[in-house]
Amino acid sequence: MTTLLTLTVLILVAVAIWQMTKIFELSQLRTETAQIANDKDNKNNGYLMLVFLVFIYGITIFSFWKYGKFLLPESSSAHGAEYDSLMLWSFVIIFIVQTITQFLLHYYAYKYKGKKGKKALFFADNNMLEAIWTIIPVIVLAGLILWGLYTWTDIMDINDDDDPLVVELYAQQFNWTARYGGADNVLGGANVRMIDIDKANVLGLDEGDSYASDDVIVKELHLPVGRKVNFKFRSQDVLHSAYFPHFRAQMNCVPGMTTEFSFTPITTTAEIRQNPDVIDKVERTNKIRAERAANGEPNSDPWEYDYILLCNKICGKSHYNMQMKIIVETEEEYNEWMKTQRTFGQTMASMQ
Ligand SMILES: [Cu+2]
């Protein structure tokens, strides 16, 4: 990669020097006829336009073929399907429009290439044409924007209907911590000023707040399938962004304020591991890892597919590795897991 970048920079520097020499030459006010394109030059450039057209179509098809398999599997949240179809339709429209317009652009550049004695036609305007290429994009874009607005309003409608599970996600350089409201499903008051490392009060919970004593603080996020989760995000230091790619969700974590997002997981971890795309991805990855293991290279342990929470704001040098595992499970499994967790009150009592 570094070699490629260095090579690109060198080529660009060479092109820049060549262009500067050319500008210098042209500024010498010599009227050299060699600088004016002749029919042969125009013809070559015309053909190059067609070659470039084939190149961009070719590279598009190649990219679909080569990188299509790196896309995320189907969404594991209730709102994700709508989000995905909005995205898909936007891409389909952009793709069709770009295929047609690139063809027109390059084909006409080829067709009307310069020729000695050929004169350009002065064509002022055509109302019909202008109406067509104004009205069609207006209708399509207005449709997409309205659909986007409705989808956005729907996704961002955060309310307490349907008894949502309340979970706080706390971001700091460079890790995540999750906090559940406990038996009462209410988060106790917290503030970074109340952080007390000696007592392991790492999230700054208000020890005097009765709601806080049953809160459960964990480093692995467990969610019951089919239940709405209302997330509250806090950050200790800088801007972070809680990114749940598999659930098509993202929200900024801003120091000094609480932000919110809500979604309902609909597929358990066990179920997504049975998804054909996921099985294929795991197989491919583990094949590479097996080769690594055979060569005694690092990162060679077999990989198991998991949902993951990532940070999507470049927040510092270990940003790339700021992540937390998410496990979506049945309600029974979730309850079993929750029973094994210590409450904040218990942790504080053990520190006395
Ligand atoms: Cu971060």
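**View 1. Leu 53 on helix α2, partly exposed.** With 17 other C-beta atoms within 10 Å, Leu 53 comes out as partly exposed, since buried would take 20 or more and exposed 12 or fewer. This is a predicted model, so keep that in mind for every view here. Leu 53 sits in helix α2. Set aside the neighbours within four places in sequence, and what does Leu 53 contact? The answer is Gln 102, Phe 103 and His 106. For a sense of scale, Leu 53 and Ile 139 are 28 Å apart from C-alpha to C-alpha, with their positions 86 residues apart in sequence.

**View 2. Helix α2 against helix α3.** Pull back a little from Leu 53 and the whole pairing comes into frame. Helix α2 covers residues 39-67, and its axis comes within 7 Å of the α3 axis, crossing at roughly 160°. Anything over 145 degrees counts as roughly antiparallel, so α2 and α3 are roughly antiparallel to each other. The crossing of α2 past α3 is left-handed. On the α2 side, the residues that meet α3 are Gly 46, Met 49, Leu 50, Phe 52, Leu 53 and Ile 56. Their partners on α3 are Gln 102, Phe 103, His 106, Ala 109 and Tyr 110. Sorted by class, this contact has 8 nonpolar and 3 polar residues, and no charged ones.

**View 3. Asn 44, also on helix α2.** Asn 44 belongs to helix α2 too. Is Asn 44 buried or exposed? It is exposed, because it has 12 other C-beta atoms within 10 Å and the exposed class takes in 12 or fewer. Look for Lys 113 in this view as well: it is 69 residues from Asn 44 along the chain, yet the two C-alpha atoms are separated by 9.5 Å.

**View 4. Helix α3 against helix α4.** Here α3 (residues 80-111) pairs with α4 (residues 127-155). The two axes come within 10 Å and cross at roughly 165°, and α3 and α4 are therefore roughly antiparallel to each other. As for handedness, α3 passes α4 in a left-handed crossing. Glu 82, Tyr 83, Leu 86, Ser 90 and Ile 93 are the α3 residues in this contact. Across from them, α4 brings in Val 140, Leu 144, Trp 147, Gly 148, Thr 151 and Ile 155. The class tally for α3 with α4 is 7 nonpolar, 3 polar and 1 charged.

**View 5. Asp 163, a positive phi in the loop between α4 and β1.** Most residues other than glycine have a negative phi. Asp 163 goes the other way, with a positive phi of about 50° although it is not a glycine. You'll find Asp 163 in the loop between α4 and β1. It counts as exposed because it has 8 C-beta neighbours inside 10 Å.

**View 6. A cis peptide bond at Gln 173 and Phe 174.** Most peptide bonds are trans. Which two residues does the cis peptide bond in this view join? They are Gln 173 and Phe 174, with omega about 0°. Phe 174 lies in the loop between β1 (165-172) and β2 (175-180).

**View 7. Asn 299, a positive phi in the loop between α6 and β9.** Asn 299 isn't a glycine, yet its phi is positive, near 55°. The loop that holds Asn 299 runs between α6 (276-294) and β9 (307-311). With 9 other C-beta atoms within 10 Å, Asn 299 is exposed.

**View 8. Zooming out to the protein chain.** The close-ups belong to a chain with 8 helices and 10 strands. Its radius of gyration is 29 Å, well over the 20 Å that the globule rule gives for 352 residues, so the chain is more spread out than a compact globule. Along the principal axes, its C-alpha atoms fill a box of roughly 95 × 55 × 45 Å. How much of the chain counts as buried? The figure is 18% of the 352 residues. Take the contacts between residues at least 6 apart in sequence, and 68% of them join residues at least 24 apart.

How values were computed
Residues numbered from 1 in each chain as written. Predicted model: local features only at pLDDT ≥ 70, side-chain atom pairs only at ≥ 80, totals over all residues. Axes fitted to C-alpha atoms, helices over the stretch in contact; angles between N-to-C directions. Helix = DSSP H or I, 4+ residues; strand = E, 2+ residues; numbered from the N terminus. Parallel < 35°, antiparallel > 145°, perpendicular 65-115°, else oblique. Left-handed = near helix turned anticlockwise from the far one by under 90°. Contact = placed C-beta atoms within 7 Å. Nonpolar A, V, L, I, M, F, W, Y, C, P; charged D, E, K, R; others polar. Rg over C-alpha atoms; globule rule 2.2 N^0.38 Å.
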